[in-house]
Amino acid sequence: MPWLEPWHLKLRRRVRKPYNKLFHRNYFIAKYMGAQFLLAPSGIGSLEISAGISEKPEILHFMSRCRDLRPDQFIDIGSNIGMYACILLKNGCVPFATLFEPDRKNQSHLGANLLINGLLQSADIRPVALGDINGSLCLLPGETDGGFSRIVSEPKNGAYEVAVRLLDDELDASGKALAIKIDVEGFEQRVLNGMQRTLRQNRCLVQIEAFEPSGVFSFMDAAGYRLTKDFLPNYVFEN
């Protein structure tokens with residue numbers, strides 16, 4: 001199924017793009033949903049945050065559910081520059097965030113955004129990828145935007161080796177309330193395979209980006225989760 005974007009979002013992006021090109025030739029700071037973000041002068045992520053449209057329905061829903069669930073912590077798998085983490089922490093929706101981000105450039109950018117929001121003490125950045133092995137794999141940075149960095153099966157030009165861990169080994173949690181976001185550019189099934197104990201032993205709100213979601217739906221159903229919201233290509237599950 002194609003991703004059908006509302007026309008007004010397309011319009012805001014088209015209007016904002018020439019503005020950014022004219023006035024933001026270097027890194028700049030933009031405010032979005034109560035947080036500040038250091039943004040690169042180009043890239044779809046910078047464009048959508050500065051235009052005030054980046055995953056806005058998803059974030060509003062996630063914030064609302066976090067206020068009801070009152071999670072013990074937020075687990076961000078594929079944290080990128082920390083958009084979700086900074087917004088959730090600044091708005092008091094979560095008390096602490098554990099952030100998994102293997103891309104080197106994204107790690108620096110993520111740390112900077114936590115810094116300018118005064119959130120360094122409220123987050124733990126872990127510079128690893130999550131999956132279903134304890135080992136290493138190759139990560140290929142996104143050509144135009146760090147949000148498109150992805151794990152690849154074979155070395156490619158520009159790719160480098162990153163550590164891979166299971167969430168079940170990285171996180172010792174049982175009987176907790178957890179808010180989890182997964183955005184890993186096609187690697188979500190392997191991430192889920194490595195967090196089965198965490199999903200079964202805790203009450204979780206889980207948002208997963210998946211462009212081919214059938215396997216994700218089957219996995220989450222078997223783990224005792226129901227689909228509660230569909231923001232194609234972001235899907236929200238709860239148990």
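**A walk from helix α9 to the sheets**

Let us begin on the outer side of helix α9, where Ser-214, Ser-218, Asp-221 and Ala-222 are exposed (exposed means over 50% relative accessible area, buried under 20%, and partly exposed in between, with a 1.4 Å probe and protein chains only). Helices (H or I, at least four residues) and strands (E, at least two) are DSSP runs, numbered from the N terminus. Before going further, note that this is a predicted model, in which local features need pLDDT of at least 70 and side-chain atom pairs count only at pLDDT 80 or more, while totals for chains, interfaces and linings use all residues. Residues are numbered from 1 along each chain as its sequence is written, and side-chain values use heavy atoms, leaving out hydrogens and water.

Now turn α9 around. In this helix, residues 214–222, the buried residues are Val-216, Phe-219 and Met-220. They cover an arc of only 95 degrees around the axis, and therefore sit on the same side of α9; the arc is that of the directions from the helix axis to the C-beta atoms. Their cover includes α7 (188–193), α8 (196–201), β11 and β13 (234–238), with contact meaning heavy atoms within 4.5 Å. After α9 comes Gly-224, with a positive phi near 90 degrees.

Strand β11 (residues 203–209) leads us onward, as six bridges join it in parallel to β10. Two strands pair if DSSP finds at least two bridges between them. Across this pairing, Leu-178 stands opposite Cys-204 in β11. Strand β10 also pairs with β3 (residues 73–77), in the parallel sense and over five bridges, and here Ile-77 faces Ile-182 of β10.

Why is β10 described as largely enclosed by the rest of the structure? Because six of the six residues of this strand (residues 177–182) are buried. Ala-177, Ala-179 and Lys-181 point one way, Leu-178, Ile-180 and Ile-182 the other way, and all are buried.

Elsewhere, four strands form an open sheet with mixed pairing, in the order β6-β9-β7-β8. Its edge strands, β6 (129–130) and β8 (150–152), each pair on one side only. Within the sheet, β7 (residues 135–140) and β9 (residues 160–165) run antiparallel and are joined by five bridges; Cys-138 stands opposite Glu-161 in β9.

Our last stop is helix α5 (residues 104–116), which contains Leu-115. This leucine, Leu-115, is exposed, with a relative accessible area of 54%.
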